[in-house]
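Hi,

Here's the structure I said I'd pass on. Have a look, and my notes are underneath.

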Amino acid sequence: MRVVSGICAILLIVFAGVQHNDPDVLFWGPIYAGGAILCALAAFRPRIYVRAPAGLVYVAALLASLAGMVWFWPSTPQWWMQEVWWEDETAREGMGMMVLAIALLLALPVVWRHRGRAGQGEKRLERM
């Protein structure tokens, strides 16, 4: 799953990069870049999620991406068709939020595994 998180990080970096000519780059660029950072941390530094602030940031970002996915869900008929999303900005934005939410959900097992290991270590210390 760490490899999958790394691939998701690269994908989100590409998403952030293609925002350079978008009128709302200052909105979408940081959203994708933030997701890329969280996925990259899950791939390359997963132990950082043992600490409470990093874990809380991840959970907040995941919940925000799920809420954003609902908020930006495309209302255009047949939004999944290339002819539609190629021309319709709102369909692309909705699909982008879906990609972000899926990327963060794919990194979730890595975060959980490292958070669980931290809890096991604390329980061992309490027994001593």
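Below is what turned up on a pocket, one glutamine and two cysteines.

This is a predicted model: local features need pLDDT of at least 70, side-chain atom pairs count only at pLDDT 80 or more, and totals for chains, interfaces and linings use all residues. Residues are numbered from 1 along each chain as its sequence is written, and side-chain values use heavy atoms, with hydrogens and water left out.

The pocket first. The largest pocket (an open set of points on a 1 Å grid over the protein atoms alone where a 1.4 Å probe fits, with protein on both sides within 12 Å along at least five of seven lines) holds about 270 Å³ of space, the volume being that filled by probe spheres set on points joined across faces, edges and corners. Its lining (residues with an atom within 4 Å of a point) has 12 residues, with F15, V18, Q19, Y32 and R92 nearest the centre.

Now Q19 itself. Q19 is buried (under 20% relative accessible area, 1.4 Å probe, protein chains only), at 9%. The side chain of Q19 reaches the backbone oxygen of F15 at 3.5 Å. Beyond its neighbours within four places in sequence, Q19 is in contact (heavy atoms within 4.5 Å) with V25, W28, G29 and Y32.

Last, the cysteines. The count is 0 disulfides (pairs of cysteine sulfur atoms within 2.5 Å). For C8, the nearest cysteine sulfur is that of C39, 5.3 Å away. C8 is buried at 9% relative accessible area, and C39 is buried at 0%.

Cheers

Technical notes: Buried means under 20% relative accessible area, exposed over 50%, partly exposed in between (1.4 Å probe, protein chains only). A polar contact is a pair of N or O atoms within 3.5 Å; within protein, one must be able to donate a hydrogen and the other to accept it, and residues adjacent in sequence count only if both atoms are side-chain atoms.
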